[in-house]
Amino acid sequence: MKQGFVTFISLLALISCGQQSKAPTAKPKKGHAGLFPVKVKDKWGYIDKTGNLVINPQFDDAWSFSEGLAVVQIGDKLGYIDKTGNLVISPQFAFASAFSEGLAAVMIDFKCG
């Protein structure tokens, strides 16, 4: 019974952190930095609106930019990069959402913040 409760609470916490879309939209949202995730072979990088590769594919997964930052995955951890491809928040999260109004939901060890 206790294990089921812990699983339920963990799932509820993950769902409450929210989700984000990886696919670029026809009309990019404010803060998208003009860059879009692209997969080349088995790694993710970013292209600009003309299709030029701007950030070399080096990530295991990559999400759209929001407020100048994008979630990227290295191994099994998530972190954030800026529009130049520099890690600004090192990969340490099990879950990380897009920034909105200067904040993003993250999860470490089943704790959201």
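**Strands, hairpins and cores: a quick tour**

Visitor: How many bridges join strand 4 to strand 5?
Guide: This is a predicted model, so take what follows as a reading of that prediction. Strand 4 and strand 5 run antiparallel, and one of the pairs involved is S66 with its bridge partner L69 in strand 5. The number of bridges joining these two strands is four.

Visitor: Which residue takes a positive phi in the hairpin of strand 4 and strand 5?
Guide: That hairpin has two residues between the strands. One residue there has a phi near 55°. The residue is E67.

Visitor: What about the hairpin that strand 5 forms with strand 6: which residue in the turn has a positive phi?
Guide: Strand 5 and strand 6 (residues 77-81) run antiparallel and are joined by five bridges, with V71 standing opposite Y80 in strand 6. Their hairpin has two residues between the strands. The positive phi, about 65°, sits in the turn at G75.

Visitor: Moving to the open sheet with the order 1-2-3, why is one side of strand 1 and of strand 3 left without a neighbour in the sheet?
Guide: The sheet has three strands with antiparallel pairing. Strand 1 (35-40) and strand 3 (53-59) stand at the edges, so one side of each is left without a neighbour because each has a single partner strand.

Visitor: By what angle are neighbouring strands of that sheet turned against each other on average?
Guide: Take strand 2 (residues 43-48) and strand 3, which pair in the antiparallel sense over three bridges; Y46 stands opposite I55 there. With direction ignored, the average for neighbouring strands of this sheet is 25°.

Visitor: How many residues make up the largest nonpolar core?
Guide: Y46 and I55 both belong to that core, and so do W44, F59, F65 and V72, among others. Strand 2, strand 3, strand 4 (61-66) and strand 5 (69-74) each supply at least two of its residues. Leaving aside neighbours within four places in sequence, F59 is in contact with residues including W44, Y46, V72 and I81. The core's total is ten residues.

Visitor: And how many residues are in the second, separate core?
Guide: Its members include W63, L78, F99 and V106. The count is nine residues.

Visitor: V106 just came up, so which residue stands opposite V106 of strand 9?
Guide: Strand 9 belongs to an open antiparallel sheet with the order 8-9-10, where strand 8 (95-96) and strand 10 (111-112) are the edge strands. Strand 8 and strand 9 (residues 106-108) pair over two bridges. Opposite V106 stands A96.

Note on methods. Residues numbered from 1 in each chain as written. Predicted model: local features only at pLDDT ≥ 70, side-chain atom pairs only at ≥ 80, totals over all residues. Heavy atoms only, no water. Pairing = 2+ DSSP bridges. Axes fitted to C-alpha atoms, helices over the stretch in contact; angles between N-to-C directions. Core = buried A, V, L, I, M, F, W, Y, C linked by side-chain atoms within 4.5 Å. Buried < 20%, exposed > 50% of the residue type's maximum accessible area, 1.4 Å probe, protein only. Contact = heavy atoms within 4.5 Å.
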